[in-house]
Structure formats: structure tokens, C-alpha cells
Amino acid sequence: MQIIYIKEDKFQYDIHSLYKAFYPAEEIRVIIGEPGSSHEKEKDISPNDEISFIDVNKTKNDLKKEIYLDLSKKTGKELPWGDLTGIRPTRIAMNLLEEGRSDKEIQEYMKDTYLVSDNKINIAIDIAKREKDILKDIDYLNGYSLYIGIPFCPTTCLYCSFTSYPIGAFSGIVDDYLSCIEKEIDYVAEKFKDKTLDTVYIGGGTPTTLEPDQIRRLIGYLRAKIDLSKVKEFTVESGRPDSITREKLKAMKEMGVTRISVNPQTMSDETLRLIGRRHTVAQLVDAFHMAREEGFDNINMDIILGLPGETSSDVAHTISEIGKLDPDDLTVHCLAIKRGSRLFEVIREKEISGKLKIPMLDTMSDIQNMADIASKGAADMGLKPYYLYRQKNISGNFENTGYAREGKAGIYNILINEEVQSIVALGAGTVTKRVYHQGGRIERCDNVKDVKLYMDNIQEMIDRKKKLFEED
Ligand code: SF4
């Protein structure tokens with residue numbers, strides 16, 4: 001463990017993230033105050049006393065640069081994203097493009113201010129330009145997007161960090177849950193009647209755990225209450241192939257869904273079993289073909305790099321099999337398993353008894369190699385990167401990237417990532433985000449995660465939104 005003592009109650013998150021990026025496998029603690037009598041290893045970085053706190057951003061950037069250069073010297077490492085600790089590096093490039101800055105100016109700024117590598121700067125500019133083009137017809141001010149969370153799944157994956165309940169045990173409450181969503185829709189219909197709904201995203205969980213009639217009921221209610229005529233994209237995450245049936249695909253198509261996800265995560269049956277997904281590669285392939293047969297021409301697939309037991313050659317196999325299916329959109333996630341996590345402990349049991357290799361935070365080169373394979377595979381499929389975000393609280397080198405065919409990029413993904421438009425979120429465990437158009441202020445309110453608490457307190461959930469959107 002490393003303990004960092006700082007004198008001012010400022011920039012703890014940035015300092016912590018920067019240390020974590022250099023020492024991904026170590027526990028890092030940032031403490032305000034002087035070193036005490038701890039026996040633990042101490043590292044007093046004492047941010048320099050001469051720094052003025054009048055210009056907070058400049059101070060923060062100067063401080064981070066100083067720490068970065070110091071740690072880089074000590075460890076002999078250079079980080080591709082330099083000392084950038086936020087989760088959205090493309091936002092910087094996007095803001096500068098919107099100010100009318102040239103590529104060269106952006107390159108100089110990102111290099112001088114954050115020490116970002118040339119490769120990453122070029123990726124950030126490339127993605128920001130694509131995002132800007134995709135969002136050009138979106139009216140941030142008079143438009144909004146809608147997210148509906150369906151928190152049920154066929155089974156719970158071992159690595160899951162979302163709100164998810166196994167449908168088997170919860171199927172009896174789904175209709176009542178939909179009634180609560182309908183109450184939230186009533187609020188949105190009234191409050192946003194003068195606004196334009198740009199995108200709808202039904203996620204989860206796994207929305208396709210809903211039966212065909214429940215899918216028709218939910219989307220039918222939405223259509224009856226809210227004008228969807230201007231909606232540019234209507235996504236339903238159909239993530240788990242073991243939840244997809246032809247009837248459900250027909251129901252979604254009939255109700256105007258334009259984009260779905262059919263997620264393999266890996267094309268290895270052995271890994272799928274290990275991570276508790278309880279579906280096979282063959283089921284995935286069948287579900288994908290079925291979706292094409294039912295007319296879906298915008299299908300996203302998600303994969304995860306760094307799954308337990310997987311090496312670069314497994315990722316190469318996954319990419320090659322996905323290439324045969326020819327999806328329109330591919331999202332590449334990195335999974336970093338932390339020592340001591342639930343997944344780590346479960347897999348360790350198997351590692352002891354078998355011969356599994358767990359990609360860990362301290363074997364980042366493996367993940368980087370896998371990311372390169374995925375990136376090249378996406379390019380070979382004709383997909384270009386269109387959004388990117390770095391993972392919170394995990395080593396600074398990992399990022400999730402969305403790739404898509406021309407005209408098939410997920411607009412909602414960009415909107416939520418770049419935080420340029422308000423997103424109203426309905427359902428248990430969802431977060432509504434209000435974007436103000438003066439000063440870039442963003443305010444949030446959340447719905448409780450527990451599905452029963454959510455249902456019992458539905459009026460309170462609506463009141464939170466009322467409060468968030470009450471002043472214009
Ligand atoms: S399908 Fe997604 S939401 Fe459902 S359990 Fe697996 S990771 Fe969690």
C-alpha cells in the first residue's frame with residue numbers, strides 16, 4: 001500500500017488516479033494532513049507550497065504534471081494518456097474543435113497540458129470529429145433522450161456491476177414493474193411535451209427478458225404518450241442470446257426498434273461457462289442470424305478483453321468469429337480483475353485446481369495486446385471508432401471503445417458519453433442527468449437500485465425528477 005499525504009483538501013481524486021495508473025496493482029490512499037505514526041510505507045508528495053490556488057484548473061494541471069514526471073522517472077513508465085485522469089479524454093478534443101481550434105493546436109495543447117502520447121491524441125481528435133458529425137442534427141437545447149432500465153437477466157454474470165435480478169425469481173413482479181415505468185412515462189410526457197425526443201435506449205439488465213406482450217405493452221405505452229416521430233434511434237439491448245426469441249424480435253421490430261445489441265463477450269464456450277452467462281456460442285450465432293432475418297440492420301455486439309483464462313489468441317479467435325457475423329457496431333470493453341474481488345476469488349479457486357491464467361492489473365501489456373487485436377479486427381470489419389471512455393477507478397491505461405460502420409454509430413452512446421444533452425432515465429437503479437446550457441453545469445438524480453424499493457417509492461422517484469427539472 002502507498003499512502004500519499006497532501007496538505008490541502010484538493011485534487012485527491014486526480015492524485016489517487018495518477019498514482020493508480022502508475023501502480024495499478026497497489027492499494028493507494030490519499031490522506032489530507034501530516035504523516036502520523038503509521039507503520040505503513042509513506043509517500044509524502046507535499047504539493048508544492050508556492051502554487052497559487054487562484055486559478056484552480058491551472059494549479060491542478062501543473063500539479064498533475066509535476067507528479068506525473070516524478071512517477072515516470074521513478075518507475076521508468078510513460079502512460080499513453082499522460083496525466084489525464086478523467087474518463088472522457090475525447091471531450092477535451094471535442095471542446096477545442098467546437099472553439100474552432102485546428103488539429104495542430106489541439107495536438108499541442110493536449111501534449112503540453114496533459115503529456116498525452118501522439119497516438120492517443122490522434123485517436124481523440126479522430127473520434128471527436130466523428131462524434132461532432134454524428135451529433136450535428138441534434139438540438140441539445142430543445143431535445144432530450146430517454147433511458148428505460150429493465151433490471152432483469154436470465155442469470156447473473158460473475159463480473160456484473162449493474163442492477164440485475166434473475167428473471168426466474170422475479171418474473172411475478174415484472175408487470176407491476178412496468179406499471180411503475182408507465183407512471184414515470186406519464187411524468188415525462190407532461191414535463192417534456194414541448195421538447196423533442198431524439199433517442200430512446202432500453203437497457204438493463206436484459207430488456208429481452210420481457211415477454212413479447214410485455215415488450216409491446218412497454219413500447220406501446222411510450223408511443224401512446226410521447227411523440228416518437230423525431231426519434232433518430234431506438235435501441236433495445238438484447239444482450240443475452242439466451243433471452244432472445246423470434247417472437248420477441250418480431251415484437252421489437254413491429255414496435256419500431258431500430259437498433260439492438262446481441263452480446264457474445266467472448267466466442268469461447270468454456271469462458272462463457274466460467275463467467276456464468278449460461279449460453280453458448282451456437283446460441284449467440286443463431287440469435288444473431290435470427291435478428292438479421294427479422295430485418296434488424298443495425299446490430300451491436302459487445303466483447304470483453306481480459307476475461308478469466310483468456311489470452312490474446314482467444315481474443316483473436318473471438319474477433320475472427322465475430323467478423324464472420326459482420327455486425328454493424330462493436331463495443332470493446334476491458335475487464336480488470338482486482339485482487340480480492342468476488343470474481344477474483346471465484347476464479348482463483350479454479351486456478352488452483354486447474355491451469356487458468358487470470359489477466360491481472362499488473363499484466364497490462366496482455367490487455368493492450370488484446371486491445372490492439374480488437375482494434376485491428378474492427379478496422380478489418382469496416383468499423384471505425386466513434387466513442388471512447390476510460391474506466392473509473394481502474395488503471396489509467398484501460399479504455400472502452402465503440403466502433404461502428406458508417407451511419408450505424410449509436411447516437412445515444414455518444415450523448416451519454418459526452419454529456420451534451422439531458423437524459424431522463426426511468427426504472428430501478430437509473431440516473432437522470434440534466435445538462436444546463438449555460439456554463440456546462442450538469443445535475444443528476446437517481447432512482448434507487450433495489451427493484452422492490454423502487455416500486456414501493458415510485459412517487460418519490462418521480463418527485464426527484466420534478467425537483468431536478470423544476471426551474472428552467
Ligand atoms: S447480462 Fe449484463 S446486466 Fe445481466 S447479469 Fe450479465 S453483466 Fe449483468
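This is a guided tour of the structure, stop by stop, with a selection to make at each one. The model is predicted.

**The ligand shell**

Begin by selecting the ligand and the residues that surround it, namely Cys153, Thr155, Thr156, Cys157, Tyr159, Cys160, Phe162, Ser164, Gly205, Thr206, Arg240 and Arg277. Coloured by character, this shell divides into five nonpolar, five polar and two charged residues. Stay with Gly205, which sits in the loop between strand 7 and helix 8 (212–225), and look at the bond that joins glycine 204 to glycine 205: this peptide is cis, with omega at about 15°.

**Serine 238**

Next select serine 238, in the loop that runs from strand 8 (233–237) to helix 9 (246–254). Serine 238 has a relative accessibility of 0% and therefore counts as buried. If neighbours within four places in sequence are left aside, the contacts of serine 238 are Thr208, Ser243, Ile244, Met252, Ile260, Ser261 and Val262.

**The nonpolar cores**

Now display the largest nonpolar core, which has 80 residues, and highlight Phe152, Ile226, Phe234 and Leu330, the members that touch the most others. The element that gives the most to this core is helix 7 (residues 174–191), with nine residues. Apart from this core lies another, of 27 residues, including Ala93, Ile125, Ile411 and Ile414. Returning to isoleucine 226 and again setting aside neighbours within four places in sequence, one finds contacts with Tyr144, Leu146, Ile185, Val188, Ala189 and Leu197.

**Aromatic pairs**

Tyr144, just met as a contact of isoleucine 226, leads to the aromatic rings. Select tyrosine 144 together with phenylalanine 192: the two form a tilted pair, 4.5 Å centre to centre, with 35° between the planes. Because tyrosine 144 belongs to strand 4 (residues 143–150) and phenylalanine 192 to the loop between helix 7 and strand 7 (196–204), the pair ties together parts that are 48 residues apart in sequence. Both tyrosine 144 and phenylalanine 192 are buried.

Move on to tyrosine 177 and tyrosine 454, whose ring centres are 5.4 Å apart and whose planes meet at 50°, so this pair too is tilted. Tyrosine 177 is in helix 7 and tyrosine 454 in helix 16 (residues 451–456), 277 residues apart, and the pair thus links distant parts of the chain. Tyrosine 177 and tyrosine 454 are both buried. Extend the selection to Phe152, Tyr165 and Phe170, which form one aromatic cluster with Tyr177 and Tyr454.

Two charged side chains over rings can be inspected in the same way. Lysine 253 lies over the face of phenylalanine 296, at 4.9 Å from the ring centre, and arginine 441 lies over the face of tyrosine 436, at 3.9 Å from the ring centre.

**Helix 3 and its cover**

Select helix 3 (residues 89–98), where seven of the 10 residues are buried, so that the helix is largely enclosed by the rest of the structure. The buried residues are Pro89, Thr90, Ile92, Ala93, Met94, Leu96 and Leu97. Their cover includes helix 4 (103–114), helix 5 (118–134), strand 12 (384–390) and helix 15 (411–418). Just after helix 3, glycine 100 takes a positive phi of about 85°.

**Two residues with positive phi**

Finish with arginine 278 and glutamate 419. Arginine 278, in the loop between helix 10 (269–274) and helix 11 (281–293), has a positive phi near 50° although it is not glycine. Its relative accessibility is 62%, so arginine 278 counts as exposed. Glutamate 419, in the loop between helix 15 and strand 14 (423–426), likewise has a positive phi near 50°, but at 13% relative accessibility glutamate 419 counts as buried.

Conventions:
Residues are numbered from 1 along each chain as its sequence is written. This is a predicted model: local features need pLDDT of at least 70, side-chain atom pairs count only at pLDDT 80 or more; totals for chains, interfaces and linings use all residues. Side-chain values use heavy atoms; hydrogens and water are left out. Helices (H or I, at least four residues) and strands (E, at least two) are DSSP runs, numbered from the N terminus. Buried means under 20% relative accessible area, exposed over 50%, partly exposed in between (1.4 Å probe, protein chains only). Contact means heavy atoms within 4.5 Å. A residue is near a molecule or strand if one of its heavy atoms lies within 4 Å of it. Ala, Val, Leu, Ile, Met, Phe, Trp, Tyr, Cys and Pro count as nonpolar, Asp, Glu, Lys and Arg as charged, and the others, Gly among them, as polar. A nonpolar core is a set of buried Ala, Val, Leu, Ile, Met, Phe, Trp, Tyr and Cys residues joined through side-chain atoms within 4.5 Å. Rings of Phe, Tyr and Trp (its six-membered ring) pair if their centres lie within 6.5 Å; planes under 30 degrees apart count as stacked, over 60 as edge-to-face and the rest as tilted. A charge sits over a ring if NZ of Lys or CZ of Arg is within 6 Å of the ring centre and within 35 degrees of the ring normal.
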